[in-house]
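Student: Got a minute to go through this one with me? I'd like to start at the ligand and work outwards.
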Amino acid sequence: MFQHVEAYPGDPILSLNEAFGKDPRTNKINLSIGIYFDDAGKIPMLPSVRTAEHKVVADAGARPYLPMEGAANFRTAVQELLFGADSAAVKAGRVVTIQAVGSSGGLKVGGDFIKRYFPTSTMLVSDPTWDNHKAVFEGCGLTVKTYPYYDAATGGLRFDAMIEALKVAEKKSIVLLHACCHNPTGVDLTQEQWQQLVPVLKERELIAFLDLAYQGYGDGIVEDAYAVRLLAEQGLSFFVANSFSKSMSLYGERCGALSVVCPDAAQAVNVLGQMKATIRRNYSNPPLHGGQLVARVLSDPELRPMWEAEVVAMRDRIQLMRRKLHDVLSAKLPGRDFSYFLTQRGMFSYTGLTAEQCDRLKEEFGVYLVRSGRMCIAGLNTGNVEATASAIAAVLA
Ligand code: KET
């Protein structure tokens, strides 16, 4: 019956993470998946989230289905976090937010909606981007193409080439943009560059689709929402998928959202209605528990500042590891420039290591990086950074 079903070649990130789990070596180092580990190499349970969970469980009653669009307190809290408490767009009823099964679920619901209402639009993603962007949007039936982004020669951004490409893109193309902490490169637009992008989006009637999976890991929770707030203030209509996997260390709870900024409140009502229809067709309604933890942390006057401080600590630790890796590698290989570890931001750096070099790192040294050369800096700690640097120096020598 299933002879025609071909073998799954695996996912470049998740399957590598599974392989890491099965690796019997005790000195193995996981720099593959985009997960924040603490200095002891553990996925943290944030104290703010733990306290929120006690409160949520203590208050918990019956477990009805949530509405298709998710819990109202979660959706309101997400809008405040993304757009700010004083957002004119939110106040005008122009912003629609649905609770999603992780931000991946938000991308999927948005992709399905786009396929239905903009059937001829092409999805443009940065070159390179998170591997799953292409998979999710192609899974929605969309055609996915790329725009120039990363400059391998400088380890920076090809901003001019990106703008030129968008200036001649088909009207009503969808442009996937990483709002902060670009995955996989760690190379972001500056605030000035975001401002320069706005008129291009307007003139070509391009529809931005922001992916905000690492809020707080760049410059700060508010700072990392800069693009979201700028586009909203500039009167653009756009999508934004956001995640609490990383910012609240809630990976397995699948907490995310999709927001759509619409031209007016009447259109927003219809967009929400069709989002609900999309959700009903896919998974009916989202799970209850994780979203309630998020809503509690964001709205509780005691827990909110606690969480904000925890995010600062996670960001600072990554920054420390960037510095440490840079210093150790620069000492080991004095002729080489490793400054990109310091300029790139968020969880990832793009090391320029080839797929073969990554294979060697894994096989000979038990150091796991995605084969694109992407390193999750958040997997480094004081106990493994020296060993990581030695292994990299060995494969570069
Ligand atoms: N967007 C981006 C840019 C992203 O890096 C991830 C996850 C997601 C969305 C999905 O997050 P969610 O948990 O659905 O809210 N990235 C890491 C894990 C993965 O591949 O699923 C990663 O790149 O390693």
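Student: How far from an oxygen atom of the ligand does a polar side-chain atom of Arg254 lie?
Tutor: 2.7 Å. Keep in mind that this is a predicted model. The protein covers 92% of the 530 Å² of accessible area that the ligand has on its own.

Student: Where does Arg254 lie in the fold?
Tutor: In the loop between strand E9 (238-243) and strand E10 (255-261).

Student: Is Arg254 buried, partly exposed or exposed?
Tutor: Partly exposed, because its relative accessible area is 31%. The cut-offs are under 20% for buried and over 50% for exposed. That figure counts protein chains only as cover.

Student: What about the phi of Arg254, positive or negative?
Tutor: Positive, about 60°, and Arg254 is not a glycine.

Student: Back to the ligand. What does Tyr214 do there?
Tutor: One of its polar side-chain atoms is 2.6 Å from a ligand oxygen.

Student: And which ligand atom is 2.7 Å from the side chain of Asp211?
Tutor: A nitrogen atom. The partner in Asp211 is a side-chain N or O atom.

Student: How many residues surround the ligand, and which are the closest?
Tutor: 16 surround it. The closest are Gly34, Ser104, Asn183, Tyr214 and Ser245.

Student: Asn183 is on that list. What is the peptide bond from Asn183 to Pro184, cis or trans?
Tutor: Cis, with omega near 15°. Pro184 sits in the loop between strand E7 (174-178) and helix H8 (191-203).

Student: Where is the cis bond with omega of about 5°?
Tutor: Between Asp127 and Pro128. Pro128 is in the loop that runs between strand E3 (123-127) and helix H6 (131-139).

Student: Let's stay with the E7 to H8 loop. What is the phi of Cys181?
Tutor: About 50°, so positive, though Cys181 is not a glycine. Cys181 belongs to the loop between E7 and H8.

Student: Is Cys181 buried or exposed?
Tutor: Buried, at 1% relative accessible area.

Student: And where is Thr185?
Tutor: Also in the loop between E7 and H8. Thr185 counts as buried because its relative accessibility is 0%.

Student: Which side chain does the Thr185 side chain make a polar contact with?
Tutor: That of His182, at 2.7 Å. The Thr185 side chain also reaches the backbone nitrogen of Val187, at 3.1 Å.

Student: Zooming out. How many helices and strands are there in the chain?
Tutor: 15 helices and 13 strands.

Student: What radius of gyration does the chain have?
Tutor: 21 Å. A compact globule of 397 residues would come out near 21 Å, so the chain agrees with that. The C-alpha trace spans about 60 × 55 × 55 Å along its principal axes.

Student: What share of the residues count as buried?
Tutor: 55% of the 397.

Student: Now contacts across the sequence. How far apart are Ala268 and Val96?
Tutor: In sequence, 172 residues. In space, 6.1 Å from C-alpha to C-alpha. Ala268 is in helix H10 (residues 265-282). It is buried, with a relative accessible area of 5%.

Student: And what separates the C-alpha atoms of Arg25 and Phe365?
Tutor: 9.4 Å, with their positions 340 residues apart along the chain. Arg25 is in the loop between H1 and strand E1 (29-30).

Student: Is Arg25 buried, partly exposed or exposed?
Tutor: Partly exposed, because its relative accessibility is 27%.

Student: Last topic, the surface. Which residues form a nonpolar patch there?
Tutor: Met1, Phe2 and Val5. Together they have about 430 Å² of accessible area.

Student: Why does Met1 count as exposed?
Tutor: Because its relative accessibility is 83%, and the cut-off for exposed is over 50%. Met1 is in the segment before helix H1 (14-22).

How values were computed: Residues are numbered from 1 along each chain as its sequence is written. This is a predicted model: local features need pLDDT of at least 70, side-chain atom pairs count only at pLDDT 80 or more; totals for chains, interfaces and linings use all residues. Side-chain values use heavy atoms; hydrogens and water are left out. Patches are made of residues with over 30% relative accessible area and no salt bridge: like charges are joined within 9 Å, nonpolar side chains (Val, Leu, Ile, Met, Phe, Trp, Tyr) within 5 Å. Accessible areas come from the Shrake-Rupley method with a 1.4 Å probe; for residues, only the protein chains shown count as cover. A salt bridge is a side-chain nitrogen of Lys or Arg within 4 Å of a carboxyl oxygen of Asp or Glu. Helices (H or I, at least four residues) and strands (E, at least two) are DSSP runs, numbered from the N terminus. Buried means under 20% relative accessible area, exposed over 50%, partly exposed in between (1.4 Å probe, protein chains only). A residue is near a molecule or strand if one of its heavy atoms lies within 4 Å of it. A polar contact is a pair of N or O atoms within 3.5 Å; within protein, one must be able to donate a hydrogen and the other to accept it, and residues adjacent in sequence count only if both atoms are side-chain atoms. The radius of gyration is taken over C-alpha atoms; the globule rule is 2.2 Å times the number of residues to the power 0.38.
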